[in-house]
Amino acid sequence: MIPYRFEGEVVRGFGRGGKELGCPTANMDDSVVQNLPESLQVGVYYGTAMLDGEKYSMAMSIGWNPQYQNEKKTVEIHLIDYAGGDFYGKRLSAVIIGFIREMKSFGSLDELKSAIAKDIEVARRGTVDQNKL
Ligand code: ADP
Ligand code: MG
């Protein structure tokens with residue numbers, strides 16, 4: 001199932017967390033979520049993503065959305081080293097290359113932040129070679 005390729009539109013999430021945590025996540029539209037293969041379980045993944053013809057390493061989560069009583073999945077992508085503005089409504093294409101970890105809840109905001117920083121480092125390392133292609 002991995003590598004898994006998909007493409008979709010960046011939609012608005014609930015603005016909960018992302019930017020405040022220093023880690024904005026581009027939420028993908030429902031078609032991406034609905035077409036996810038069953039075998040891609042909830043968790044944190046890494047890969048590469050293309051926005052406006054530029055390629056970025058990404059850290060990505062597949063998770064359950066608490067705003068929908070955890071019955072709806074979300075696919076959220078953080079573009080590593082992207083320094084531009086918001087890109088709501090744009091198309092993003094991506095390839096998931098590897099699994100980083102399962103989802104879990106953290107005891108504190110600091111623990112969550114350091115887990116995210118670690119995920120980003122893993123994603124960066126995992127995609128070094130791909131970005132040269
Ligand atoms: P939302 O709940 O609407 O998804 P976030 O706080 O998660 O809000 O911010 C996500 C938005 O931030 C993206 O849709 C995109 O427009 C913008 N953005 C800016 N920089 C990045 C980045 N490096 N990675 C992902 N999204 C980014
Ligand atoms: Mg988001």
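In this predicted model, Asp52 lies in the loop between strand S3 and strand S4. Strand S3 covers residues 43–51, and strand S4 covers residues 54–64. The backbone of Asp52 has a phi angle near 50°. That value is positive, and Asp52 is a residue other than glycine.

A second backbone feature concerns Pro3. This residue is found in the segment before S1. The peptide bond from Ile2 to Pro3 is cis. Its omega angle is near 5°.

Salt bridges were examined next. The structure holds 8 of them. One joins the side chains of Glu7 and Arg91, with a distance of 3.2 Å from N to O. Glu7 belongs to strand S1, residues 4–11, while Arg91 belongs to strand S6, residues 91–101, so this pair ties together parts that are 84 residues apart in sequence.

The remaining results concern ligand 1. The space taken by ligand 1 is the largest pocket. Two elements each give two or more residues to the shell around the ligand: strand S2 (26–28) and strand S5 (73–79). The largest share comes from S5, with 3 residues.

In total, 18 residues surround ligand 1. Those that come nearest are Gly13, Gly15, Asn27, Phe87 and Tyr88. By residue type, the shell divides into 9 nonpolar, 6 polar and 3 charged residues.

Oxygen atoms of ligand 1 also take part in polar contacts with the protein. At Phe87, a polar backbone atom is 2.7 Å from an oxygen atom of the ligand. At Tyr88, the partner is an N or O atom in the side chain, and the distance to a ligand oxygen is 2.7 Å. Phe14 offers a polar backbone atom, which is 3.3 Å from an oxygen atom of ligand 1. On its own, ligand 1 has 570 Å² of accessible area, and the protein covers 93% of this area.

How values were computed: Residues are numbered from 1 along each chain as its sequence is written. Chains are lettered from A and ligands numbered from 1 in the order in which they are written. This is a predicted model: local features need pLDDT of at least 70, side-chain atom pairs count only at pLDDT 80 or more; totals for chains, interfaces and linings use all residues. Side-chain values use heavy atoms; hydrogens and water are left out. A residue is near a molecule or strand if one of its heavy atoms lies within 4 Å of it. A polar contact is a pair of N or O atoms within 3.5 Å; within protein, one must be able to donate a hydrogen and the other to accept it, and residues adjacent in sequence count only if both atoms are side-chain atoms. Accessible areas come from the Shrake-Rupley method with a 1.4 Å probe; for residues, only the protein chains shown count as cover. On a 1 Å grid over the protein atoms alone, a cavity is a set of points where a 1.4 Å probe fits but cannot get out, and a pocket is an open set with protein on both sides within 12 Å along at least five of seven lines; lining residues have an atom within 4 Å of a point. A molecule sits in a cavity or pocket if more than half of its atoms lie within 2 Å of its grid points. Helices (H or I, at least four residues) and strands (E, at least two) are DSSP runs, numbered from the N terminus. Ala, Val, Leu, Ile, Met, Phe, Trp, Tyr, Cys and Pro count as nonpolar, Asp, Glu, Lys and Arg as charged, and the others, Gly among them, as polar. A salt bridge is a side-chain nitrogen of Lys or Arg within 4 Å of a carboxyl oxygen of Asp or Glu.
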